[in-house]
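Colleague: I'd like to go through this one and ask how each label was earned. Can you pull it up?

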Amino acid sequence: MYKTILMAGVLAGLGSSALAHATLEQSQAIAGKTTKITLRVPHGCDGQATHTVRVALPDGFYAAKPMPKAGWSLKTETGAYAQPYNNHGTVMTEGLRSVQWRDGHLEDGWYDEFILRGVVGPEVEAGSVLYFKAVQDCADGSVDWTDTSGSHDVPNPAPGLVVVAGESHQSHSGHSSGHGSGHDSDHGDAGHKDGHDHNHEAARTVTVGALEIKGGFARATLPNQPVGGGFFTVTNTGEADDRLLSVATDVSPRGEIHEMSMDDSVMKMRKLEDGLVIAAGETVVLKPGGYHLMFMELTQPLVKGEVLPVTLTFETAGAVVVPLAIKAPNARGSDNHSSHDGH
Ligand SMILES: [Cu+2]
């Protein structure tokens, strides 16, 4: 129990530093669907009040509309899209590209949210990140949130969300996810993809620092199954060791890094309290029966064919979002993982 509390403290510590940044409330959006974007502004510029909040809309986000805000005036800019979109049978080649909420007053010690909505282009690849670069203007300066490198170690990461594949019509009715993004869409037919290749894009290689991560997958869970497992292969192409410190995901309040090993001819699982070392020049495989990610207290089932974005945090390389393709409950493993029931 003590370990659990200690771990929670460490996670809370990481969380609070992330909260100091401007972020989006939404962590995911579905390709081809309408989604709401909520920019959270947690502080001003070095103690000064914010009077303007500017947000640039990324390519791949169209038919956007800002939500007006009492006490702030709205200024918008339109421009050409990177590609045309079919919006209810009308071809759109341009539209809203940036929004400014101006002439407001948000004290450094206050918190507020700035909202817009739009459609994620059906062409946006699952697993890619849409960044909404944001800038706060104050009396004597600005704070920018415009770094789109994907690293969480920079002082000014741009707010972003992970795009997941559009659902097929068949699987939609059976979808029990509590995730709201896009489900209120009135653009449901805008470029609906067939559901068969959802997993395909998730298999691509993700690079962060000297690390190359590929083959990410998770196992679909049965209804009421309390935990889920995630796997991937990581190669350290650098000169120095790195270490996987934590995993975070929307579907679980607690992600852990586990190891399965034989102990007196009994397969046992244990949590790696100090993380998992990725030695320089080495490849570490997380797989069923070996090292794995474990998502405790699942808040929703992992559905085969969907993509689960997880945020991995490494000691040196920093944090990176890795899409895990959700495969069959027994995917790529012969072990029955039954010891997980004891969690
Ligand atoms: Cu486990």
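Colleague: What makes S9 and strand S12 (residues 160-164) a pair?

Modeller: Bear in mind that this is a predicted model. Two strands pair if there are at least two bridges between them, and S9 and S12 are joined by three, running antiparallel. So S9 and S12 pass that cut-off. One of the bridges puts valine 129 opposite valine 162 in S12.

Colleague: Which sheet do they belong to, and why are strand S2 (28-30) and strand S9 (129-131) called edge strands?

Modeller: The sheet is an open one of three strands in the order S2-S12-S9, with mixed pairing. S2 and S9 each pair on one side only, so they are the edges. On average, neighbouring strands there are turned by 35 degrees against each other, direction ignored.

Colleague: Which residues does valine 163 touch?

Modeller: Leaving out residues up to four places away in sequence, valine 163 touches Ala29, Ala31, Val120, Val124, Ala126, Ser128 and Leu130. To count as a contact, the C-beta atoms must lie within 7 Å.

Colleague: And what makes the largest nonpolar core a core?

Modeller: Its members are buried residues of nonpolar types joined through C-beta atoms within 7 Å, and the largest such set has 66 residues. Those with the most contacts inside it are Leu39, Val120, Leu130, Phe132, Val163 and Leu324. Strand S23 (residues 318-327) gives the largest share, six residues. Domain 1 (2-171) and domain 2 (199-342) each supply at least three residues to this core.

Colleague: Now the sheet with five strands. What is its order?

Modeller: S6-S7-S4-S10-S11, open, with antiparallel pairing. Its edge strands are strand S6 (73-87) and strand S11 (141-145), each pairing on one side only. The average turn between neighbouring strands is 20 degrees, direction ignored.

Colleague: How do you know that strand S4 (residues 50-56) pairs with both S10 and strand S7 (residues 90-102)?

Modeller: Count the bridges against the cut-off of at least two. S4 has five to S10 and four to S7, both antiparallel, so each pairing qualifies. For instance, valine 55 stands opposite alanine 134 in S10, while valine 53 has tryptophan 101 in S7 as its bridge partner.

Colleague: What about strand S10 (residues 134-138) and S11?

Modeller: They pair in the antiparallel sense over five bridges, so the cut-off of at least two is met. Glutamine 136 has valine 143 in S11 as its bridge partner.

Colleague: Why is glutamate 77 called exposed?

Modeller: Glutamate 77 has 12 C-beta neighbours inside 10 Å, and a residue with 12 or fewer is exposed. Therefore glutamate 77 counts as exposed, right on the limit.

Colleague: Where is glutamate 77, and what does glutamate 77 touch?

Modeller: Glutamate 77 is in strand S6 and touches Arg97 and Ser98, not counting residues up to four places away in sequence. From glutamate 77 to valine 99 is 22 residues in sequence and 6.5 Å in space, C-alpha to C-alpha.

Colleague: Last one, for the protein as a whole: how many helices and strands are there, and what percentage of residues count as buried?

Modeller: There are three helices and 23 strands, and 34% of the 343 residues count as buried. Buried here takes 20 or more other C-beta atoms within 10 Å. Among contacts between residues at least 6 apart in sequence, 74% join residues at least 24 apart.

Terms used:
Residues are numbered from 1 along each chain as its sequence is written. This is a predicted model: local features need pLDDT of at least 70, side-chain atom pairs count only at pLDDT 80 or more; totals for chains, interfaces and linings use all residues. Two residues are in contact if their C-beta atoms, placed from the backbone, lie within 7 Å. Domain bounds come from an automatic or database domain assignment. Axes are lines fitted to C-alpha atoms, for helices over the stretch in contact, and angles run from 0 to 180 degrees between N-to-C directions.
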